[in-house]
Each structure stands twice: as structure tokens, then as C-alpha cells.
Amino acid sequence: GAHALANALLAHTCLKEVDLHNTWTNEAGARALADALLTHTCLKELDLRNTWTIEAGAQALADALLTSTCLKERDLRNIDIHEARARALACALLNITCLKELD
């Protein structure tokens with residue numbers, strides 16, 4: 001599932017919004033999505049509400065969210081990540097200058 005979504009992101013470079021809320025993925029799937037997010041240059045909005053993955057997968061997604069320069073809106077409500085990673089994510093979000101909306 002997540003690998004197919006990652007491939008779709010890479011194939012459809014004109015996508016501006018992606019809604020992945022209420023999804024579960026394993027570490028490999030989360031890493032594939034993270035890699036796709038890093039290379040997708042048009043995506044402006046990403047919804048990851050209620051997303052769950054294991055810690056390493058969550059870290060890969062969080063790192064991609066922080067590194068992506070094109071995303072203007074990120075919805076991370078109820079994303080299941082470890083408390084220490086959540087703190088690091090919160091600190092890093094403070095340094096993103098292009099972010100317009102965060103839920």
C-alpha cells in the first residue's frame with residue numbers, strides 16, 4: 001500500500017494535496033513515503049492525521065516533513081510518534097519559514 005502511494009506521488013508530479021489520514025504503514029512503507037515526499041516538488045498540503053507507523057518509520061516521515069521546502073500545510077494531529085521525537089519535531093517546526101498552516 002504505502003509503496004504504491006509513494007510511487008503514485010513520484011509519478012504524478014502535479015499533485016498539490018495528499019490526504020493520508022487514518023493510515024497505518026510499516027517502516028519500509030513509511031520510508032518509501034518519506035523518500036517520495038523529499039523528491040516531490042509541487043506538493044503543498046499533506047494530511048497525516050491519525051497516522052501510525054513504528055518509531056523508525058515515524059522518524060523518516062518526520063524528517064521528510066521537516067526537510068521538504070515546498071509543503072506549506074501539514075496536518076499532524078494524532079500522529080503516533082514517540083514523545084522524544086515529538087519534541088524534536090516541535091522544535092524543528094519552529095525553524096520552518098515557509099510553513100503557513102500546521103494542525
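This is a guided tour of a predicted model, stop by stop, with a selection to make at each one.

Because the model is predicted, local features are reported only at pLDDT of at least 70 and side-chain atom pairs only at pLDDT 80 or more, whereas totals for chains, interfaces and linings use all residues. Residues are numbered from 1 along each chain as its sequence is written, and side-chain values use heavy atoms, with hydrogens and water left out.

**The whole chain**

Begin with a cartoon of the protein, in which there are 4 helices and 4 strands; these are DSSP runs numbered from the N terminus, H or I over at least four residues for a helix and E over at least two for a strand. Followed along the sequence, the elements come in the pattern α-β-α-β-α-β-α-β. If you then colour by accessibility, 39% of the 103 residues count as buried, where buried means under 20% relative accessible area, exposed over 50%, and partly exposed in between, with a 1.4 Å probe and protein chains only. The protein exposes about 5,700 Å², of which carbon and sulfur atoms supply 55%; the areas come from the Shrake-Rupley method with a 1.4 Å probe, and for residues only the protein chains shown count as cover. Of the contacts (heavy atoms within 4.5 Å) between residues at least 6 apart in sequence, 83% join residues at least 24 apart.

**Helix α1**

Select residues 2-11, which make up α1, and show the side chains of A2, A6 and L9, the buried residues of this helix. Seen down the axis of α1, they fall within an arc of 60°, so they line one face of the helix; the arc is that of the directions from the helix axis to the C-beta atoms. A4 and A11, on the other side of α1, are exposed, while what covers the buried residues includes β1 and α2.

**The nonpolar core**

Next, select L9, L33, L37 and L46, which touch the most other members of the largest nonpolar core, a group of 20 residues. Such a core is a set of buried Ala, Val, Leu, Ile, Met, Phe, Trp, Tyr and Cys residues joined through side-chain atoms within 4.5 Å. Helices α1, α2 and α3 each supply at least two residues of this core, and α2 gives the most, with 6 residues. Centre the view on L46 and leave aside its neighbours within four places in sequence: its contacts are then V18, L20, L37, L65, L71, E73, R74 and D75.

**Strand β2 and D47**

Move to D47, which lies in strand β2, residues 45-47. Outside its neighbours within four places in sequence, D47 is in contact with V18, D19, L20, H21 and D75. D47 also forms a salt bridge with R49, with the closest N and O atoms 2.6 Å apart; the term requires a side-chain nitrogen of Lys or Arg within 4 Å of a carboxyl oxygen of Asp or Glu. Of these partners, D47 is buried at 11% relative accessibility, whereas R49 is partly exposed at 21%.

**The salt bridge in α2**

The structure holds 2 salt bridges, and to see the one between R31 and E27, select those side chains, which meet at 3.0 Å, N to O. R31 and E27 are 4 residues apart in helix α2 (residues 27-39), and they are therefore separated by about one helical turn. R31 is partly exposed at 38% relative accessibility, and E27 is partly exposed at 28%.

**Two loop residues**

In the loop between β1 (17-19) and α2, select N22, which has a positive phi of about 60° although it is not a glycine. Most residues other than glycine have a negative phi. N22 is exposed, with a relative accessible area of 53%.

Then go to S68, in the loop between α3 (55-67) and β3 (73-75), where the residue is buried at 7% relative accessibility. Leaving aside its neighbours within four places in sequence, S68 is in contact with L37, L38 and R74. A distance drawn from S68 to L43, C-alpha to C-alpha, comes to 9.3 Å, although these residues are 25 apart in sequence.

**The cysteines**

Finish with C14 and C42. Taking a disulfide as a pair of cysteine sulfur atoms within 2.5 Å, the count is 0. C14 is in no disulfide, the nearest cysteine sulfur being that of C42, 7.5 Å away. C14 is exposed at 61% relative accessible area, while C42 is partly exposed at 24%.
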